[in-house]
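Colleague: Got a minute to go through this one with me? I'd like to hear the reasoning behind the labels.

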Amino acid sequence: MKDPHIHVERTPLIGFGHAEMRDMITSVTGIAGDLPKTVRCGCGKRRPFAMISKVPAKVTCLACREWARSQHANEAASARSLAEWMVKDPGSFRDAKITVDELAELATEHEQAAAQYA
C-alpha cells in the first residue's frame, strides 16, 4: 500500500534540508547537484522527496507533525534560555553576533511554528 501522507524532512537544522543545501552549493559553486530520491522523515521512515513539505498545513503524517512541533519547541526554549543567559552575564557575550532582541524574535518564530504543527 502506498503512503498517502505528506511528511516533514528530518534535518539537524530546522528549515535547512536537502533543497536548501543544494541551493546554497549551487549559488556558491554554480554546479547544481541532484536532489535525493528519498529522504528521512520526522516519523523515522524514508519517503520520496516529492512527499515532503515544510508548510505545516500540508503535513498529514501525525508522527512527523509531532516531531516538527517538538523540534520547534526545543529551538524556542534554547533561544529563550540563551537570551536570559545573555541578560544575566552580558560580559561573556560582548562579541556575540546576535542580540537579545533577535533571540527573542527567533524564539517567538519557533513558538509560532510549533503551534502550527500542534
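**Labels and the reasons for them**

Modeller: Sure. Ile25 sits in helix α1, which covers residues 18–29. Keep in mind that the model is predicted.

Colleague: What makes Ile25 partly exposed?

Modeller: Its relative accessible area is 40%, and partly exposed runs between the 20% and 50% cut-offs, so the label fits Ile25. Along with Met21, Met24 and Val28, Ile25 forms a nonpolar surface patch with about 360 Å² of accessible area together.

Colleague: And why is Asp101 called exposed?

Modeller: Exposed means over 50%, and Asp101 has 62%, so Asp101 qualifies. Asp101 lies in helix α3, residues 100–117, and forms a negative surface patch with Glu102, Glu105 and Glu109.

Colleague: How do you know that Arg69 and Glu66 form a salt bridge?

Modeller: The closest N and O atoms are 2.7 Å apart, and the cut-off is within 4 Å, so the pair counts as a salt bridge. Arg69 and Glu66 are 3 residues apart in helix α2, so about one helical turn separates them.

Colleague: What about Glu111 and Arg80, what makes that pair a salt bridge?

Modeller: There the closest N and O atoms are 2.9 Å apart, again within 4 Å. This pair links distant parts of the chain, with Glu111 in helix α3 and Arg80 in helix α2, 31 residues apart.

Colleague: Which side chain of opposite charge is nearest to buried Arg65?

Modeller: Glu66, but at 8.2 Å away. A salt bridge needs to be within 4 Å, so Arg65 has none. Arg65 does touch other residues, including Pro56, Val59 and Tyr117.

Terms used. Residues are numbered from 1 along each chain as its sequence is written. This is a predicted model: local features need pLDDT of at least 70, side-chain atom pairs count only at pLDDT 80 or more; totals for chains, interfaces and linings use all residues. Side-chain values use heavy atoms; hydrogens and water are left out. Buried means under 20% relative accessible area, exposed over 50%, partly exposed in between (1.4 Å probe, protein chains only). Lys and Arg count as positive and Asp and Glu as negative; His and the chain ends are not counted. Contact means heavy atoms within 4.5 Å. Patches are made of residues with over 30% relative accessible area and no salt bridge: like charges are joined within 9 Å, nonpolar side chains (Val, Leu, Ile, Met, Phe, Trp, Tyr) within 5 Å. Accessible areas come from the Shrake-Rupley method with a 1.4 Å probe; for residues, only the protein chains shown count as cover. The place of a charge is taken as NZ of Lys, CZ of Arg, CG of Asp or CD of Glu. Helices (H or I, at least four residues) and strands (E, at least two) are DSSP runs, numbered from the N terminus. Lists of a residue's contacts leave out its neighbours within four places in sequence.
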